[in-house]
Amino acid sequence: MPAVINREMGSIIIENNVLASIAGMSAMESYGIVGMASKNATDGLLELLRFENISKGIKVITDDDKLVIELHVVLEYGVRISTVGQNIIDNVKFRIKELTNLEPDQVSVIVEGIRIK
């Protein structure tokens, strides 16, 4: 279900894939992130997504005026996971609010893997 912003003259509807793209680009601005991850459920293999498919590693739920975002990421080896995760959350919340005027209720970061240089 897309996000809906009601105004005097009508409504603005923002599809979940747009919110996922904004969240993905915002997350990629954070230091220590290698990329978004998509997990292949059939064999458990981790797939690092290319930039054009970045939103496939993100789950967006808009329900009853709540916005929940779940990001599956791969981080660099040697970074403090908790600090990078918090930076990703802060960046995503800030950009979503700045670009859409929607306030995410929850942003979760799931670290799917670590990449060694």
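What follows is a walk through the fold, the salt bridges, the end of helix H2 and the surface patches of a predicted model.

The chain has 117 residues, and 37% of them count as buried. It is built from two helices and seven strands. Read from the N terminus, the elements come in the order β-β-α-β-β-β-β-α-β. Much of what is described below turns around the second helix, H2, which spans residues 81-100.

Salt bridges come first. There are three of them in the structure. One pairs Glu-29 with Arg-95, with 3.6 Å between the closest N and O atoms. This pair ties together distant parts of the chain: Glu-29 sits in the loop between helix H1 (16-28) and strand E3 (33-39), whereas Arg-95 belongs to helix H2, 66 residues away in sequence. Arg-95 also bridges to Glu-98, and here the closest N and O atoms are 2.7 Å apart. That second contact stays inside one element: Arg-95 and Glu-98 are three residues apart in helix H2, so about one helical turn separates them. With Arg-95 taking part in both contacts, Glu-29, Arg-95 and Glu-98 end up linked in a network of salt bridges.

How accessible are the H2 members of this network? Arg-95 has a relative accessible area of 27%, which makes it partly exposed. Glu-98 is partly exposed too, at 45%.

The remaining bridge joins Glu-103 to Lys-97, the closest N and O atoms lying 3.8 Å apart. With the cut-off for a salt bridge set at 4 Å, that pair still counts as one. Both partners are partly exposed: Glu-103 has a relative accessible area of 48%, and Lys-97 has 35%.

The end of helix H2 deserves its own look. Thr-100 is part of this helix and is buried, its relative accessible area being 9%. What does its side chain touch? A polar atom of the Thr-100 side chain lies 2.5 Å from the backbone oxygen of Ile-96. The Thr-100 side chain also reaches the backbone nitrogen of Leu-102, at 3.2 Å. So the picture at this buried threonine is a side chain with backbone partners at Ile-96 and at Leu-102.

Right after that comes Asn-101, placed in the loop between H2 and E7. Its phi is near 65°, a positive value in a residue that is not glycine. In contrast to the buried Thr-100, Asn-101 counts as partly exposed, with 46% relative accessibility. The loop between H2 and strand E7 (106-115) also holds Asp-105, which is partly exposed at 45%.

Asp-105 leads on to the surface. Together with Asp-63, Asp-64 and Asp-65, Asp-105 forms a patch of negative charge there. The patch therefore draws on the loop after H2 as well as on Asp-63, Asp-64 and Asp-65, where membership requires over 30% relative accessible area and no salt bridge.

There is a nonpolar patch on the surface as well. Its members are Tyr-77, Ile-81, Val-111, Ile-114 and Ile-116, and its area is about 510 Å². One of these, Ile-114, lies in strand E7 and is partly exposed, with a relative accessibility of 41%.

Finally, two residues can be placed relative to the N terminus. Thr-62 lies in strand E5 (residues 58-63) and counts as buried at 9% relative accessibility. Its C-alpha atom is 5.9 Å from that of Met-1, although 61 residues separate the two along the chain. Ile-13, from strand E2 (residues 10-14), is exposed, with a relative accessible area of 54%. Ile-13 and Met-1 are twelve residues apart in sequence, and their C-alpha atoms are 9.8 Å apart.

Definitions and conventions
Residues numbered from 1 in each chain as written. Predicted model: local features only at pLDDT ≥ 70, side-chain atom pairs only at ≥ 80, totals over all residues. Heavy atoms only, no water. Salt bridge = Lys/Arg side-chain N within 4 Å of Asp/Glu carboxyl O. Helix = DSSP H or I, 4+ residues; strand = E, 2+ residues; numbered from the N terminus. Buried < 20%, exposed > 50% of the residue type's maximum accessible area, 1.4 Å probe, protein only. Patch = residues over 30% accessible without salt bridge, like charges linked within 9 Å, V, L, I, M, F, W, Y side chains within 5 Å. Areas by Shrake-Rupley, 256 points an atom, 1.4 Å probe, with all protein chains shown as cover. Lys, Arg positive; Asp, Glu negative; His and termini not counted. Charge placed at Lys NZ, Arg CZ, Asp CG, Glu CD. Polar contact = N/O pair within 3.5 Å; in protein donor to acceptor, adjacent residues only side chain to side chain.
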